[in-house]
Structures are given as structure tokens and as C-alpha cells.
Protein chains: 2
Amino acid sequence: MSTAALPDAFLRALSDGFPADFLTREPGELAEYGRDWTKVHTPAPTAVAFPRTTDEVARLMALCHAHRVAVVPSGGRTGLAAGAVAARGELVLSLQRMNHMGPVDVLGGTVRVQAGAVTEAVHQHCAPYGLTWPVDFASKGSSHVGGNIATNAGGVKVIRYGLTRQWVLGLQVVTARGEVLELNGALEKNNTGMDLRQLFIGSEGTLGVITEATLKLTRLPGKQEVFLFAVPDVAAVLKLFRDARQAPLSISAYEFFTDKCLARVQRHRKLRSPFEAPSGCYVLLEAEAADAAAVEGWLGSLFERGLVTDGTQAQGVSQATELWALRESISESLSATGMPHKNDIALPIAALEAFCGELDAFFQARYPDWEICLFGHIGDGNLHVNVMKPEGMDKAEFLAHTKPADHDIFALVRKHGGSISAEHGIGLLKKDYLSYTRTPAELELLRAIKRTMDPENLLNPGKILDP
Amino acid sequence: MSTAALPDAFLRALSDGFPADFLTREPGELAEYGRDWTKVHTPAPTAVAFPRTTDEVARLMALCHAHRVAVVPSGGRTGLAAGAVAARGELVLSLQRMNHMGPVDVLGGTVRVQAGAVTEAVHQHCAPYGLTWPVDFASKGSSHVGGNIATNAGGVKVIRYGLTRQWVLGLQVVTARGEVLELNGALEKNNTGMDLRQLFIGSEGTLGVITEATLKLTRLPGKQEVFLFAVPDVAAVLKLFRDARQAPLSISAYEFFTDKCLARVQRHRKLRSPFEAPSGCYVLLEAEAADAAAVEGWLGSLFERGLVTDGTQAQGVSQATELWALRESISESLSATGMPHKNDIALPIAALEAFCGELDAFFQARYPDWEICLFGHIGDGNLHVNVMKPEGMDKAEFLAHTKPADHDIFALVRKHGGSISAEHGIGLLKKDYLSYTRTPAELELLRAIKRTMDPENLLNPGKILDP
């Protein structure tokens with residue numbers, strides 16, 4: 001579909017019924033609003049619309065429905081699965097002008113915002129009241145609330161707060177036909193038949209356009225203690241996890257990374273490890289600790305019981321930031337020191353040790369020259385598996401290998417009851433692999449519901465699965 | 001539909017393919033398994049089936065589908081909305097023999113159970129490992145996990161742990177056609193398209209039969225402090241709530257009741273109030289308090305700041321039990337001392353004060369002789385509104401009044417953005433009122449999804465809504 005393909009009657013209706021700055025077809029903006037953080041598919045939208053109100057979204061969708069114009073709902077475009085890429089001549093519906101935030105309801109612990117509100121702006125809006133929306137990750141400075149909800153975003157605090165799904169009370173959604181649904185209001189409890197909110201959360205814009213949300217807030221956390229531990233291997237990471245969950249702590253983050261990740265962070269960022277001797281794996285633990293003496297006792301016992309080979313507790317904010325930097329610089333350092341091929345997988349926690357062993361054996365046997373950099377939110381069963389292109393290998397040759405390697409990795413994921421996408425979603429990037437995680441019966445049901453809600457396949461067509 | 005209406009071919013297939021004790025048509029058992037805790041509809045099932053395995057459920061559903069036999073999935077039958085009542089000659093599918101509980105996965109914090117496992121049995125199964133499934137309410141001694149999930153059960157700990165929905169990792173569901181869906185396994189994170197689990201949670205058996213679940217567990221809570229406070233009115237209850245949420249406490253329960261409730265508890269159970277002077281409202285607060293000195297300071301400040309008129313903190317378990325008895329005896333005491341007409345509604349917390357004022361004004365104006373007993377999980381916005389039949393009034397006359405009164409109450413609920421069923425569900429009992437909470441567009445979508453998943457309307461037909 002090219003620009004010319006937008007029906008004249010549709011364009012006339014837009015220019016008659018909407019503000020002059022509602023639509024753009026300027027090439028630079030098409031390229032900008034047609035992409036997300038992935039670089040696999042070429043953005044090729046036909047136009048970009050910038051509504052300011054839900055009424056404008058509803059009228060636009062009704063027109064798109066009448067004229068069979070496909071739509072890509074678009075937020076902060078920080079996605080990692082090409083869920084917001086307009087690669088097929090769609091109209092991009094950008095929510096960025098819809099960034100109003102209502103007053104914070106301190107008694108109810110809620111705030112109503114438009115979908116285009118930036119995640120971090122919501123945090124700043126609520127903080128003066130001692131409240132926060134605990135959806136938190138690296139891209140929070142540009143990601144939108146609507147996108148967070150549409151992708152059921154994860155992040156580093158899931159172990160304490162759960163996924164975005166848990167922090168959405170009410171949703172306003174515009175359907176494929178341009179109807180406005182107001183779902184659940186500001187209610188914590190509402191058992192009146194199927195919870196339609198849940199359909200839209202995590203459906204990547206394929207079932208409706210999220211226009212507003214009532215967010216559930218929680219108290220800002222108390223003082224956090226940050227620890228870094230050195231342990232020999234993944235088995236020890238999990239043994240320590242089991243112990244930490246019974247410790248006198250309220251865990252906010254339990255992140256791990258291997259020595260290979262640390263080496264690249266040190267190379268790229270010139271950061272120093274707090275430990276003299278290298279170790280196979282590292283664990284970053286962040287927790288609230290009400291009883292300092294009890295925590296000290298627990299820490300001492302970790303060494304006595306051989307659960308860690310080394311460990312340090314941050315003294316003050318700047319040391320805590322330094323320890324976090326070791327973990328948070330990994331992604332950037334991998335890209336700066338080489339070419340990573342990324343996967344974001346989840347396993348049942350109980351299966352992690354066996355999975356990591358088999359993954360290691362698989363790479364040893366099939367791709368012994370590849371360096372594997374493992375890190376992630378291991379407390380949620382979420383691993384980021386980064387395969388580094390060998391130094392001397394041609395890029396095309398490497399990519400020719402990663403596709404079959406992905407199939408093998410995902411077969412292993414399936415064998416252990418895992419997921420091929422823990423938090424990034426499916427979008428265009430992973431849809432060819434969906435059957436490793438979803439059974440044929442599930443895929444059939446997903447398609448049936450999509451057909452029920454969007455029979456003309458106008459909402460983010462081709463994302464997640466084809467009709 | 002009478003017993004005779006079950007097709008011969010269907011009965012032959014059952015007796016050929018299933019154990020001899022699979023089906024009963026004994027009148028006593030029909031009456032027993034056809035009912036729940038409501039008494040409005042007469043139970044009239046045609047037969048009761050007792051599968052032991054998912055395979056039996058799947059084969060039974062396939063046969064029911066082939067022969068167009070309607071099915072009522074049935075758990076512990078403790079529901080309060082007639083969601084499990086078989087009033088139309090359905091076949092009851094009892095899950096009670098499917099009560100196996102797998103080993104507790106201590107590392108992952110999960111347990112896999114069959115749907116017929118009793119809620120309290122799950123608690124007992126997990127407690128030795130320091131873990132619990134935090135779904136907790138009065139009927140836990142007989143309710144089933146499958147029913148808890150199918151109704152998204154609430155209870156007294158929702159303010160801390162959320163609804164049942166948050167504590168289900170994996171679901172195994174048998175569809176109307178007898179297909180087995182395995183949804184989400186034991187995964188915390190799995191962003192691979194629409195989360196089909198969520199469709200079944202809270203859908204009261206109208207979309208599928210839940211046969212197994214992987215439950216998410218949490219640490220057993222630490223020592224709980226129990227407080228009872230006297231305050232003049234609902235406004236003060238909410239003011240105290242706002243304060244308590246900022247206090248050095250981790251709240252597990254914030255329950256309220258009025259003086260009228262307490263008076264009936266005292267009459268029926270001969271319990272004593274810990275306070276000398278009566279008060280308009282009472283608040284029961286249960287919380288974990290890590291810092292005893294900080295809590296003491298907060299308590300003192302409540303009196304200084306005029307937030308409570310009286311208050312007591314339980315010293316030890318037996319006093320805590322006594323304070324809880326005042327709250328937990330209310331339902332029983334209302335029934336023992338009169339005839340209550342019950343509603344279970346939810347409001348946005350911010351709307352509670354205005355709503356309660358208007359509710360009071362409504363009853364004063366229209367039914368000045370009626371005694372209204374209000375209590376509930378006010379920290380979740382959940383009120384149990386009990387209207388007591390006036391002493392001298394005939395039962396039939398009272399019931400003739402409650403129906404129009406319900407319409408007026410629900411209109412008020414709607415006006416304030418509330419729900420006509422906070423935690424009890426809709427079933428048969430509330431379906432005539434569903435449009436007070438759900439818009440026409442929502443009802444249409446609910447029906448469309450039901451038709452997609454159960455086109456012959458065989459799964460719990462007539463519950464929640466008609467096709």
C-alpha cells in the first residue's frame with residue numbers, strides 16, 4: 001500500500017472533520033513514526049495521525065473501518081519486537097498528543113491518564129504524594145503508559161510488583177469499529193463476568209486502541225539495600241535465590257549476569273568489579289530490610305554456609321548506583337563491544353538450572369566458537385540470552401546461523417515449559433516462532449477472538465499472528 | 001429437561017466408556033449437587049458426573065457437545081450468586097474427585113493441583129514449607145480451587161494480596177468441544193499474545209471447565225497485629241484508612257462495620273465490645289508491623305489528631321481472635337437475629353463517602369423503617385449492604401420491596417462508577433442487573449466471545465447473561 005492507496009473519500013473525511021495538523025505524510029515523519037527500537041523491518045506507513053482526544057480516535061477508527069484502512073497504534077516506540085512497526089503501508093495512530101494526566105487520587109491510590117503519558121512522567125506526577133506506578137524499566141523516559149499496557153511491560157521490579165497487568169484498574173479502549181469501551185473504572189473488585197480489560201492488556205494493539213487508563217498506585221518503597229554477590233554457577237544463583245526468599249528481606253530485584261557479561265562491561269565502561277577474584281556468576285540483590293541486625297546475621301551466614309564466594313553491600317546511594325551500573329550497562333556494553341543476537345526467554349524457575357546446563361551443552365557442541373552472554377531477571381525466570389558474533393565471522397554468515405540456532409534454543413525452551421518471549425512481546429519479530437510456546441488449540445482460539453473483535457483485520461495486522 | 005431427556009446414545013456412551021460410579025441420577029444427590037449456598041432457585045439437574053481425570057472431563061465434554069447436553073461445572077458449591085446451581089436440567093460436572101495436589105515447588109514457589117482441591121487443604125499442604133496460597137475467606141474449608149479461580153474469589157486479604165487472579169500461573173481448561181488447553185504453565189512472565197488464562201478466570205464456568213492449575217505461592221506472613229478502632233462515621237473510616245496507608249505498617253486487612261452490625265453480633269453471640277461507649281462505625285485493622293516503636297507512635301498520634309475516638313490493640317492471639325470474631329460473626333448474626341437482604345457492591349474508594357451518604361438518604365426517604373447493616377472490605381471499596389426486614393413486616397411484602405430497592409441502589413452504584421458485584425459474581429442471581437455495571441457495548445462483546453467459545457451454549461447456560 002502506498003500513500004496513493006489511501007482512499008480519496010477517506011482523506012476528504014479527515015480534512016473535513018479533523019484539525020489541520022491531524023495527519024502528516026511528510027517522509028521524515030513517516031520514517032520516524034513507522035519504527036520502534038528494532039531495525040529488522042523497513043518502516044513504510046502511509047500516514048501518521050495525531051489525535052488529541054478519545055473522540056478523535058473513535059471517529060478516526062470508524063472512518064478507517066468504513067474505508068478498510070489498516071492502523072498501527074503507536075506509543076513511545078521503544079518496543080523490542082517490532083510490535084509498533086508500520087511495515088505494510090498502514091496508517092500510524094500516534095497517541096503522543098494524548099498525554100494528559102489527571103489529579104492523583106491519594107485516598108484511592110489511583111490516577112487517570114491518557115495513553116500517551118510517558119511512564120517516567122507518571123512517576124514524577126505521583127511522587128510528591130508518596131505514591132508511584134511501579135512499572136519501571138530502562139526506556140521509561142520515552143515509553144508511553146498505553147504501550148506499557150498494550151505490551152504488559154515487565155522490567156527490573158517484577159519480582160516485587162508483578163507485571164503491568166497488576167497495576168491497571170480501568171481501561172478506555174476504542175474498538176476496530178470505533179466504539180469506545182470503558183472497562184472497570186477505578187474498581188479494585190468487580191466480578192461481573194469476564195474481565196474484558198485483560199483481553200487488551202498484552203495484546204499489542206491487535207484488538208483495540210488504548211486511549212486512557214486508571215492506574216493503580218502503590219506507596220513509594222522504603223530505603224533499599226543493594227548487594228552484589230559472587231557465586232560459581234547458575235546452580236548457586238538459584239540456591240542463593242531460594243535462601244534470599246526466606247531471609248528477613250523484602251526483595252525488589254534479583255538480577256544475575258555471568259562473568260562474560262561483566263568482562264564486556266569492564267571493557268566498554270571501564271567499570272571495576274568490587275571483587276578481587278573473578279567468578280562464574282554474579283547476583284545483584286535489591287531489598288528493603290527492616291531489621292538491619294537480622295540482615296547482617298543472614299549475610300554472615302551466607303559465607304559460613306558456602307552460599308556465596310564473595311559479596312558486598314552498598315554503603316550509600318553512590319555505591320548502590322555503582323553496583324547497579326554493572327548490571328544496567330550490560331546491554332549497551334554487548335552492543336558496543338560486538339554484535340549480539342538477542343533472545344528474551346522465560347522458564348519455570350524450577351527448570352532454570354537444567355535449561356541453562358542444556359543450553360550450554362548445545363552451544364558447546366554446535367557453536368563452540370560463540371560467546372554466550374547470559375543475564376536477566378532470574379527471580380522471575382526471565383533470561384536474556386545474547387549470542388555474540390565471533391570476531392572473525394562475517395555478519396551475513398552469523399545471521400544465517402542464528403535462525404536455525406533460535407529454532408534449537410526455542411525447542412529447548414518448549415521442552416522445559418518455557419516462553420519464547422518473557423517481556424518483549426511477539427510483534428513481527430517473533431511471530432514465526434510462536435508455535436514453540438502456544439499450542440495449535442491456543443493459536444486457533446487466539447485467531448477466533450481476533451476475528452470476533454476485528455473481523456476486517458484492520459488493527460495492527462500481521463502482529464503476533466496472521467488471521 | 002427431565003432425566004428422561006438425556007439421549008439414550010449419550011447414556012450408552014457414558015456407561016461404555018467410563019467407570020460404573022461415574023454418573024449418578026439418585027434424587028438426593030441431584031438435589032445436593034445441583035445447589036450452592038443460595039436458596040432462590042430450585043436445583044433440578046438431570047445427572048451428576050464425577051470424573052477423576054482431565055481425560056475423563058475431556059471425553060465427557062466431547063460427548064456432551066456431540067449430544068448437545070448442557071453442563072454445569074461444579075466445585076465446593078459455596079457460591080453466593082447461584083453460579084453453580086443447575087436449575088434447568090443440566091448435567092452437573094462435579095470436580096470433587098479431582099483433588100490431587102502435587103509436590104510443593106519450593107524454589108519456584110508454586111504448586112500444581114487439580115481443580116477439586118479444597119482451598120484450605122492447599123493452605124495446609126504448603127504451610128510446612130513456609131508458603132501459602134493467599135486466597136482466604138470464610139468458606140475455605142469447603143470451596144475448591146477451581147471454583148475460586150472460576151469466580152476470581154476475593155476475601156479478607158485482598159487489600160494485601162489482590163484477588164485470586166493474581167495467584168494463578170497456569171491453567172488447564174477443557175473447552176466446550178472437549179479440547180484440553182494448557183495455558184501458561186508455571187511461568188511468571190510470558191508475553192506471547194493475548195493471555196487466555198485471564199478469559200477463564202472469573203467467567204463462572206461459562207467458557208470452559210478448569211481442571212488443573214499451577215498456583216503461585218507466597219511466603220507465610222509474619223506476625224500480625226490486630227487493632228480495633230471506634231470512629232464516628234464513614235467519613236472518619238476513610239480518613240483513618242488514608243492515614244493507615246502511610247503508617248509504618250503493611251496492611252493485611254482493613255474491615256469496617258457499623259454500630260447496627262455490632263449490636264446484632266452482641267445480641268446473637270453475646271460478645272462484648274472492647275469499648276465503653278458506642279460509636280457509629282468500627283474499623284478492624286490487621287497489619288504486619290516491623291517497627292513496634294514507630295507503630296506505638298502512630299497509634300498515639302491517632303488520638304492526638306482526633307482520627308479515632310477509641311481504639312485497642314490485641315495483646316496475643318486470643319485477643320486478636322476475639323476482635324476478629326466481632327467482624328466475622330456479622331453475617332451469621334444478621335441471619336440469626338432477622339432476615340437480611342444482601343448486596344455485595346464495590347465503589348471506587350474515592351466515591352465511598354458520597355455513596356454512603358446518598359444511600360443513607362435514600363433509605364431514610366423511601367424506607368425509613370428498614371434497618372441497614374453496612375460492613376465490608378472497605379479498603380478494597382467493597383461494601384456488603386444488608387437490608388433487614390422490619391420486625392412486623394410480612395416476608396412476601398418485604399421481598400416485593402427489595403427488588404425495586406435493588407434497582408434504586410444499583411442506579412446509585414452506577415452513578416458513582418461502582419460494581420453491582422464486587423466478589424460474589426453474577427450467576428443467576430444478579431444477571432437481571434448486569435446492565436447497571438456493564439454498558440451495551442460490553443454486553444455485546446461478552447456475548448460475542450461466549451458465542452465464539454461455546455457456540456451451542458452448553459457451558460453453564462444462562463449464567464451471567466443469556467446469548
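User: Before we look at helix packing here, what do the axes and the angle between them refer to?

Analyst: Axes are lines fitted to C-alpha atoms, for helices over the stretch in contact, and angles run from 0 to 180 degrees between N-to-C directions. Keep in mind that this is a predicted model.

User: Okay, so how do I read a packed helix pair, in general terms?

Analyst: Two packed helices are described by the angle between their axes and the distance between the axes. In this structure, take α15 of chain A and α15 of chain B, each covering residues 440-453: their axes come within 10 Å and cross at roughly 145°. The crossing of α15(A) past α15(B) is right-handed.

User: Which residues make the contact between α15(A) and α15(B)?

Analyst: From α15(A) you get A:Leu445, A:Ala448, A:Ile449, A:Thr452 and A:Met453, and from α15(B) come B:Leu445, B:Ala448, B:Ile449, B:Thr452 and B:Met453. Sorted by type, that contact has eight nonpolar residues, two polar and no charged.

User: Zooming out, how many helices and strands does chain A have?

Analyst: Chain A has 15 helices and 17 strands. Its radius of gyration is 23 Å, close to the 23 Å the globule rule gives for 467 residues, so chain A is as compact as a globular protein of that length. Along the principal axes, its C-alpha trace spans about 75 × 60 × 45 Å.

User: What about burial and long-range contacts in chain A?

Analyst: Of the 467 residues in chain A, 60% count as buried, meaning under 20% relative accessible area. Take the contacts in chain A between residues at least 6 apart in sequence: 74% of them join residues at least 24 apart. As for surface, chain A exposes about 17,500 Å², with carbon and sulfur atoms supplying 52% of it.

Terms used
Residues are numbered from 1 along each chain as its sequence is written. Chains are lettered from A and ligands numbered from 1 in the order in which they are written. This is a predicted model: local features need pLDDT of at least 70, side-chain atom pairs count only at pLDDT 80 or more; totals for chains, interfaces and linings use all residues. Side-chain values use heavy atoms; hydrogens and water are left out. Helices (H or I, at least four residues) and strands (E, at least two) are DSSP runs, numbered from the N terminus. A crossing is left-handed if the near helix is turned anticlockwise from the far one by less than a right angle, and right-handed if clockwise. Contact means heavy atoms within 4.5 Å. Ala, Val, Leu, Ile, Met, Phe, Trp, Tyr, Cys and Pro count as nonpolar, Asp, Glu, Lys and Arg as charged, and the others, Gly among them, as polar. The radius of gyration is taken over C-alpha atoms; the globule rule is 2.2 Å times the number of residues to the power 0.38. Buried means under 20% relative accessible area, exposed over 50%, partly exposed in between (1.4 Å probe, protein chains only). Accessible areas come from the Shrake-Rupley method with a 1.4 Å probe; for residues, only the protein chains shown count as cover.
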